[in-house]
Structure formats: C-alpha cells, structure tokens
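Colleague: I would like to learn how to read a model of this kind, feature by feature. Could we go through it together, taking the general idea and then the case at hand?

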Amino acid sequence: MTSASVDESTRLAMYRDMVRARDFEQRAYDLFLEGVVQGTTHLGLGQEAVAAGFAAAMRPTDMTFCTYRGHNHTLLRGAPMPALMGELAGRKTGICGGKGGSMHLTDVPNHAMGSYAIVGAHLPIAVGAAWAGVLRGTDQVSVCFFGDGATNIGAFHEAVNLAAVWKVPVVFVCENNLYMEYTPIGDVIAVEHPAADRASAYGLESIIVDGNDVEAVHDIAVETIERARRGEGPSLVEAKTYRHKGHSRADPGKYRPDDEVAAWLERDPLTISRRRLEADGVAGDTIDAIEAESMIEVDSATEATRNAPPPDPATLMTEVWADGGSEWRN
Ligand SMILES: Cc1ncc(C[n+]2csc(CCOP(=O)(O)OP(=O)(O)O)c2C)c(N)n1
Ligand SMILES: [Mg+2]
C-alpha cells in the first residue's frame, strides 16, 4: 500500500529517522549492559514510527513534550546524536551537561521541551506552552507524547479538558504499547481504548492509528497539527504500538505472552516501511546506504562518548535553575 499523501523523499526521510532511532537505542542498550550508561533507560525500540511520523509533520518551531521513554522523540526533533549519547552516559558533552541522564533529555534549540519522569505530569505543561504560543501569536503547536498508563492519571483529564475548552493548539499522542510497567493496561481500565474511548468526554473525536505504520502516523499527524494551527483546538490520538524490550533497564519482559511478543515483532515498523518502499520501486541499495550511514553515525557518537569526560564537579549546582545557580533556594 502506498500513502498517496506522502512524497518519496519524506518517506525515505522517515525511514532514515526510524533506522537512526533503532540503532541509537540498540547501542544505548549495549552500553547500559556494559555499565557505560548508568542509572536507568527506557527504550522505545519498536515504537519508532510514532516519533518519526510526527517529527516529519512538525515545523521546526513546534514543541515536543515526551516521557522518560523519550530518546526517539528528542533525536528525531534534531538533537545531535553525540550529545544524546553523552547525556545517557553522564558525560560533560551531554545535551544537559551530563547531569540529566536518559530520563530528562531536553533540547530547547530544537524545541524538544523536555522528557518527564512523573507519569502524566507533562500534559498540563504542554498545554501551558501551547497557550503561551497563542498569547504571543507564534503559530506554534505542541505535540505531547505519553503512555497508555498516563490516561489513568488526573493530570491527563485536566489537561485534555482545558485544552478542549480553550481550543489550545496541542496534539495529545497516546503511545498505547499495551503495558504500564508490568501491568497490562486492559487490567486497569473499563474501556478497550485508553485514550480514544475517553475522547468523547471532552468533545473530541476518537482517533486510533496503527502506530507501527509510519505513513499512517504521518497522515494523522499532518491532519491534527494543521487543525490545531488553524485554531480548531486539540486532538487526542491513540497510536497502537508495542515495545520490543522490557519496561526499563534489562527487564526481560517475561510478563508478556510469547505469542503476543512474536506477533508484534512480525509487525516491526522498520520492516513494514522497508518492504513498502521496495514494493514501490525504491532500490535496495538506496535503503542499504541509509542503514550503513546510520551505523556510522552511531559508532561515531559512541566513540565520542567513550572519550568524553564526566561533568566538572564544580558545575554541580549550576544549570539547576534558570539563573544558572541555586541561590533561589536560600
Ligand atoms: C505519577 C507516577 N506514578 C508512578 C510512576 C512509576 N512509573 C514509571 S513508568 C510507569 C508506567 C507508565 O506506563 P505508560 O504510561 O503506559 O508508559 P510506558 O512506560 O508504557 O511508555 C510507572 C507506573 C511514575 N513515574 N509517576
Ligand atoms: Mg504503556
């Protein structure tokens, strides 16, 4: 199937984005096992199409808000890979000076406005930032990614309600990967679709998209972002997807049935995209070259990270607050 609405260069760019995200996270996992990446990491392996489809539909000035599972989103908004890798490994070269780590990736120049570790906490922030854009007349749209589990948090309902009432230009994107940590979302909600079945309570349309089909995601991203920019208010998108690995760290994810995992691995977003590109006549060599370039980029970011120093201890209390210090506490 070809998406009539997306040109070939955009489709190739989205494939490149997914490959880069996949390779970056595979390497992050290896570096975690090696002890180079410390603390914890939450990988979006298997969920790349959601990040890639939306990133390709956003203007550079549109804002992204994401969770602790935010490597893909931050990378695909344009954050430099060595700075992301450096941050995961707690190096001075990291995008937050090595002091934030995997769960707090932020890249303000590219309008990736933070990764948030408190489930649901960033939805009201995304609404506030989008509302600020309205007041300033900047034409910016906020895109806010969160998990299925976040739909049971009060802040989700408060944020969606306020955005709907005020027609705030925000697109809420629920990445429904069927699990919240080790619990199936189906065990803790009374409806089938955690986001889409709640949409009508806020006067919004129910939107469900195949989150492993990058072109389908891109189509819905274009539609909802344009709607927000026209001043017609928010949308709530539920993207159905699956994480290939466990929740975090080295969680083997054994609470998931083997046949379920196998069925979703069959529906790998990269495989779907590659097969479709080839069926539409894109040369295998072109796709191979994209994959080879990605690996070179990841190897180079890894090398830079291994050679980078940790942050200077003298900077411990700087960049903690907007004034660059911590005097505000006293
Ligand atoms: C308010 C809050 N409660 C609990 C936690 C612990 N916690 C971290 S991730 C997570 C699961 C969230 O699942 P979901 O929203 O589906 O996102 P996913 O991890 O699947 O991307 C929980 C409960 C937290 N970080 N914040
Ligand atoms: Mg989830």
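Modeller: In strand β3, the bridge partner of Met-63 is Ser-142, and farther along, Phe-65 stands opposite Cys-144 in β3. Please keep in mind throughout that this is a predicted model.

Colleague: How many bridges join β1 to β3, and in which sense do the strands run?

Modeller: There are 3 bridges between β1 and strand β3 (residues 142-147), and the two strands run parallel. Strand β1 (residues 63-67) also pairs with β2 in the parallel sense, again over 3 bridges, and there the bridge partner of Thr-67 is Tyr-116 in β2.

Colleague: What is the order of the strands in the sheet as a whole?

Modeller: The sheet is open and consists of 6 strands in the order β2-β1-β3-β4-β8-β7, with parallel pairing. Its edge strands are β2 and β7 (207-210), each of which pairs on one side only, and the twist from one strand to the next averages 20 degrees.

Colleague: Which way do the side chains of β1 point, and are they buried or exposed?

Modeller: Met-63, Phe-65 and Thr-67 point one way from β1, while Thr-64 and Cys-66 point the other way, and all of them are buried. Since 5 of the 5 residues of β1 are buried, the strand is largely enclosed by the rest of the structure. The edge strand β2 (residues 112-116) is read in the same manner: 5 of its 5 residues are buried, so β2 is largely enclosed by the rest of the structure.

Colleague: What do the two faces of β7 carry?

Modeller: On β7, Ile-207 and Val-209 make up a covered face, whereas Ile-208 and Asp-210 make up an uncovered one. This strand pairs with β8 in the parallel sense over 4 bridges, and the bridge partner of Asp-210 is Lys-240 in β8.

Colleague: Turning to helices, how should I read the sides of one?

Modeller: The general idea is that an α-helix has 3.6 residues a turn, so residues three or four places apart point the same way. In helix α9 (residues 269-279), the buried residues are Pro-269, Ile-272, Ser-273 and Leu-277. These cover an arc of only 125 degrees around the axis, which puts them on the same side of α9. The face of α9 turned away from that buried side carries the exposed residues Thr-271, Arg-275 and Ala-279.

Colleague: What covers the buried residues of α9?

Modeller: The covering elements include α1 (8-34), α2 (48-57), α7 (214-229) and α10 (284-307). Just after α9, Gly-281 takes a positive phi of about 100 degrees.

Colleague: Why would one look out for a positive phi in a residue other than glycine?

Modeller: Because most residues other than glycine have a negative phi, a positive value is one to look up. Lys-167 has a positive phi of about 55 degrees although it is not a glycine, and this residue lies in the loop between α6 (154-166) and β4 (170-176). With 15 C-beta neighbours inside 10 Å, Lys-167 counts as partly exposed. Arg-249 is another residue other than glycine with a positive phi, near 45 degrees, and it is found in the loop between β8 (235-240) and α8 (258-266). Arg-249 is partly exposed, with 15 other C-beta atoms within 10 Å.

Colleague: For the ligand, how many residues surround ligand 1, and which are the closest?

Modeller: The surroundings of ligand 1 comprise 14 residues, of which the closest are Val-119, Gly-147, Asp-148, Gly-149 and Met-180. By character, the residues of this shell divide into 6 nonpolar, 5 polar and 3 charged.

Colleague: Where is Val-119 found, and is this residue buried or exposed?

Modeller: Val-119 is found in the loop between β2 and α5 (122-136). With 20 other C-beta atoms within 10 Å, Val-119 is buried. Leaving aside its neighbours within four places in sequence, Val-119 is in contact with Gly-149, Ala-150 and Ile-153, and Gly-149 is itself among the residues closest to ligand 1. As for a distance across the model, the C-alpha atoms of Val-119 and Glu-297 are separated by 32 Å, the two residues being 178 residues apart along the chain.

Definitions and conventions:
Residues are numbered from 1 along each chain as its sequence is written. Chains are lettered from A and ligands numbered from 1 in the order in which they are written. This is a predicted model: local features need pLDDT of at least 70, side-chain atom pairs count only at pLDDT 80 or more; totals for chains, interfaces and linings use all residues. A residue is near a molecule or strand if its C-beta atom, placed from the backbone, lies within 6 Å of it. Ala, Val, Leu, Ile, Met, Phe, Trp, Tyr, Cys and Pro count as nonpolar, Asp, Glu, Lys and Arg as charged, and the others, Gly among them, as polar. A residue is buried if 20 or more other C-beta atoms lie within 10 Å of its own, exposed if 12 or fewer, and partly exposed in between; C-beta atoms are placed from the backbone. The arc is that of the directions from the helix axis to the C-beta atoms. Two residues are in contact if their C-beta atoms, placed from the backbone, lie within 7 Å. Two strands pair if DSSP finds at least two bridges between them. Axes are lines fitted to C-alpha atoms, for helices over the stretch in contact, and angles run from 0 to 180 degrees between N-to-C directions.
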